[in-house]
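Colleague: Here is a model I would like to go through with you. I will ask how each label is earned.

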Amino acid sequence: MSDKMRGALFNILGDIEGLAFLDIFAGSGALAFEAISRGAASVVAVDKDSAAYKTIENNIKELNLQKKIHLSRANAGGWSIHNMEREYDILLLDPPYDELQINLLQRLVKRHVKKGGLAVLSYPGRQEVPEFEDTENIMRKDYGDSQLVFYRKNK
């Protein structure tokens with residue numbers, strides 16, 4: 001996700017003080033660190049890539065954020081299966097565009113977003129966005145070749 005999109009995402013979210021986040025395709029960890037810097041209570045960051053994991057791990061230690069950011073090296077589907085009961089206020093979905101798995105995204109939203117919570121999806125621009133069960137698409141913003149889609153969970 002570009003810096004511009006990340007800034008826009010958090011400006012749209014507004015006050016996130018005290019909220020719990022799940023950053024399931026954490027990559028560099030930029031979304032997790034931004035959420036904490038803006039007042040989120042906690043973030044679970046998940047990524048399967050060993051280099052990404054080590055980068056995030058080093059940054060967590062350097063910034064002394066071990067109590068705020070929990071890091072897990074796992075693929076999204078495997079993590080979800082082993083943590084089915086865990087729900088969050090906000091789910092950040094920034095999957096690799098070359099590996100979009102709509103069924104996996106659906107399961108993540110269904111399992112891990114609290115009722116009334118938000119899922120935010122970074123998705124390729126100009127593509128029709130997926131609909132997720134028990135959610136309402138509340139906003140979509142285009143940013144060049146990408147878009148941010150905001151869903152509120154109803155059930």
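Modeller: Start with charge. In this predicted model, the mean positions of the 21 positive and 22 negative charges are 3 Å apart.

Colleague: What makes a residue count as positive or negative, and where is its charge placed?

Modeller: Lys and Arg are positive, Asp and Glu negative; His and the chain ends are not counted. The place is NZ of Lys, CZ of Arg, CG of Asp or CD of Glu.

Modeller: Some ground rules. Local features need pLDDT of at least 70 and side-chain atom pairs 80 or more, while totals for chains, interfaces and linings use all residues. Numbering starts from 1 along each chain, and side-chain values use heavy atoms, without hydrogens and water.

Colleague: How do you know whether the radius of gyration agrees with a compact globule?

Modeller: The rule is 2.2 Å times the number of residues to the power 0.38, over C-alpha atoms. For 155 residues that gives a value near 15 Å; the protein has 14 Å, so the two agree.

Colleague: What share of the residues is called buried, and why?

Modeller: Buried means under 20% relative accessible area with a 1.4 Å probe, protein chains only. Of the 155 residues, 50% are buried.

Colleague: Why are strand 6 and strand 7 called paired?

Modeller: Pairing takes at least two DSSP bridges. Strand 6 (residues 135-143) and strand 7 (residues 146-153) are joined by eight, so they pair, and they run antiparallel. Strands here are DSSP E runs of at least two residues, numbered from the N terminus. K141 stands opposite L148 in strand 7.

Colleague: What links these two strands?

Modeller: A hairpin with two residues between strand 6 and strand 7. G144 in the turn has a positive phi of about 65°.

Definitions and conventions: Helices (H or I, at least four residues) and strands (E, at least two) are DSSP runs, numbered from the N terminus.
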